[in-house]
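Visitor: I'm new to this one, so could we take a close look at the strands of a sheet and then follow them outward?

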4 protein chains.
Amino acid sequence: MNEVLTLQQLQTWLNDTPFHQFMGMEITDFDLEKKTVSLRLPFRPEFERMPGSGQLHGGIMSSLIDVAGDFALVSLLKIPIPTINFRVDYLKMGVNTDLIAIATVRRAGRSVGVADVDVYNSDKELLAIGRGCYSTRST
Amino acid sequence: MNEVLTLQQLQTWLNDTPFHQFMGMEITDFDLEKKTVSLRLPFRPEFERMPGSGQLHGGIMSSLIDVAGDFALVSLLKIPIPTINFRVDYLKMGVNTDLIAIATVRRAGRSVGVADVDVYNSDKELLAIGRGCYSTRST
Amino acid sequence: MNEVLTLQQLQTWLNDTPFHQFMGMEITDFDLEKKTVSLRLPFRPEFERMPGSGQLHGGIMSSLIDVAGDFALVSLLKIPIPTINFRVDYLKMGVNTDLIAIATVRRAGRSVGVADVDVYNSDKELLAIGRGCYSTRST
Amino acid sequence: MNEVLTLQQLQTWLNDTPFHQFMGMEITDFDLEKKTVSLRLPFRPEFERMPGSGQLHGGIMSSLIDVAGDFALVSLLKIPIPTINFRVDYLKMGVNTDLIAIATVRRAGRSVGVADVDVYNSDKELLAIGRGCYSTRST
């Protein structure tokens, strides 16, 4: 694909997946030189750990991490990229906040790619960090 | 808590969390001697990777793994157990299937617990494996 | 390779690597049906955390885990298998003991393999668990 | 401990451990504001994958990652810090080179700390990345 990648194109690819729409994930930015992609996930009461607590369940952050790392590689390689495995470390509780995930490609090899993802609350405090390994071999 | 733990009690604890209900997770079994807990997550079109494909998004499985490992420790310790970190490895695509997660406690220490989780489709084929580390210190 | 795999052949492959000899790793058993390989690493004072403590440094166990998972896949596929990534969880301190690692293949796919490794002391107490992801594509 | 931390003090703590000396690890730098510690591991033929290849075995890098992440937290907290778990991703083969590990603390909480470690060859090419979780509770 020789055409210039646009944010709209990435958003279209993201929205092609029902699960991304179910969660409400949005791509807000990307940078091919820095190899980063930013996603936003707006707060919803369905994401809470306890009703009315505003505390976000970890499963929200881990799903966001998986997808953000994936799209950092998708923005570079412009093919579907299955996840091989990933790890998430929870650092701080997210409370009553949208989530911002910034994913950075650490390696985009012929068969394997690796991306790091930092998840922030709306005050730019770090809540969770993830590292994913993805299959980059177009088949 | 000296009372005998019942499946109904575990289910009540699971359902206390809006995110678990949002996803549709159910506890189906537990065994205090084997230190296992089983969860089921029924298929929904919102979980798909591509519309109409029936292919389950990885984020579904990773959320299920996080919660299943957590409840394996909850069943033993009967306190809320925050996740410290976890890893998931995807082995096989899940297609048009409910998910069954079987979580086993590998260690329940004073400050840290570790649980392994195997995720199967309804044909008992292994789809994903997870390993979580949890904070077991009651505070 | 159509010939029957022998323990001696696996040991030869293991010993081809100077680092394995430097550490003193030995293959003691394998089972192609269970997809397991067992390694032993005899205690040495150079492996200690503190002089005279007998406490084994974690780096010893993580190296053993990486190699054991690798050889579980090597025994099945009979090709060199590079590690993509792995995780180790330390459960219990090893003290004045040889280490026994039992590695089990969880998946041996066309491009990616996954193996689990349990590390025991000589009293068969579980000290550490590892999970590795390996590149199985012969090139 | 109110005294100013010196590089010499960190090196002394590192050298207290026989395994670190066995491998030949050295602390070369630290920065309390950036929360980083740098380690160096000189090349040795015993670290090779195949004799005469110059290719470094992955177990060398994983051990270095575990220790580097640990000492990033030790430099901040000035107590012994046991590893809970860690993950390493191998990105590029190291050949005939010393290794440089730069560890950065991502979180230093009351009970858990997390550190990221990048491992470079002497040409400053990234070879491996690690992420460790450590027990920071002084007991």
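Over how many bridges do strand β5 (residues 112-120) of chain B and strand β6 (residues 126-135) of chain B pair, and in the parallel or antiparallel sense?

Guide: They pair in the antiparallel sense, and β5(B) and β6(B) share 9 bridges. Two strands count as paired if DSSP finds at least two bridges between them. Strands themselves are DSSP runs (E, at least two residues), helices are runs of H or I with at least four residues, and both are numbered from the N terminus. One spot to find by eye is Ala115(B), which sits opposite Gly132(B) in β6(B).

Before going on, some ground rules: this is a predicted model, where local features need pLDDT of at least 70 and side-chain atom pairs count only at pLDDT 80 or more, while totals for chains, interfaces and linings use all residues. Residues are numbered from 1 along each chain as its sequence is written, chains are lettered from A and ligands numbered from 1 in the order in which they are written, and side-chain values use heavy atoms, with hydrogens and water left out.

Now zoom out. β5(B) and β6(B) belong to an open sheet of 12 strands, with antiparallel pairing, in the order β1(A)-β2(A)-β4(A)-β5(A)-β6(A)-β3(A)-β3(B)-β6(B)-β5(B)-β4(B)-β2(B)-β1(B). At the edges stand β1 (26-31) of chain A and β1 (26-31) of chain B; each has a single partner strand, so one side of each has no neighbour in the sheet. From one strand to the next, the twist averages 15°. As a rule, side chains in a regular strand alternate between the two faces of the sheet.

Helices pack on this sheet too. Helix α1 (residues 7-15) of chain A touches β1 and β2 (36-41) of chain A, and its direction makes about 135° with that of β1(A). Axes here are lines fitted to C-alpha atoms, for helices over the stretch in contact, with angles from 0 to 180 degrees between N-to-C directions, and contact means heavy atoms within 4.5 Å. Helix α3 (residues 58-77) of chain B runs at about 45° to β4(B). That helix lies across β3 (83-90) of chain A as well as β1, β2, β3, β4, β5 and β6 of chain B.

How do the chains sit together? In general, two copies of a chain are related by a rotation about an axis and a shift along it. Chain A lands on chain B after a rotation of 180° with 0.0 Å of shift along the axis (RMSD 0.0 Å), superposed by least squares on the C-alpha atoms of residues with pLDDT of at least 70 in both. The two copies are thus related as by a two-fold rotation axis. In chain A, Arg87(A) has the C-alpha nearest that axis, 2.1 Å from it. Both copies use the same surface, and 100% of the contact residues of chain A recur in chain B.

Across that interface, 31 residues of chain A are in contact with 31 residues of chain B. The buried area is about 2400 Å², with carbon and sulfur atoms giving 61%; this is the accessible area (1.4 Å probe) that two parts lose on being put together, summed over both. There are 0 salt bridges between chain A and chain B (a side-chain nitrogen of Lys or Arg within 4 Å of a carboxyl oxygen of Asp or Glu). There are 19 residue pairs in polar contact, both at pLDDT 80 or more. A polar contact is a pair of N or O atoms within 3.5 Å; within protein, one must be able to donate a hydrogen and the other to accept it, and residues adjacent in sequence count only if both atoms are side-chain atoms. On chain A's side, the elements giving two or more residues are α2 (18-23), α3 (58-77) and β3. The most comes from β3(A), with 8 residues.

Chain B also meets chain D. A rotation of 180° with 0.0 Å of shift superposes chain D on chain B, and in chain D the C-alpha of Ser111(D) comes closest to the axis, at 4.3 Å. This contact takes 6 residues from chain D and 6 residues from chain B, and buries about 470 Å². Between them the count is 0 salt bridges and 1 residue pair in polar contact. Strand β3 (residues 83-90) of chain D gives the largest share of chain D's side, 3 residues.
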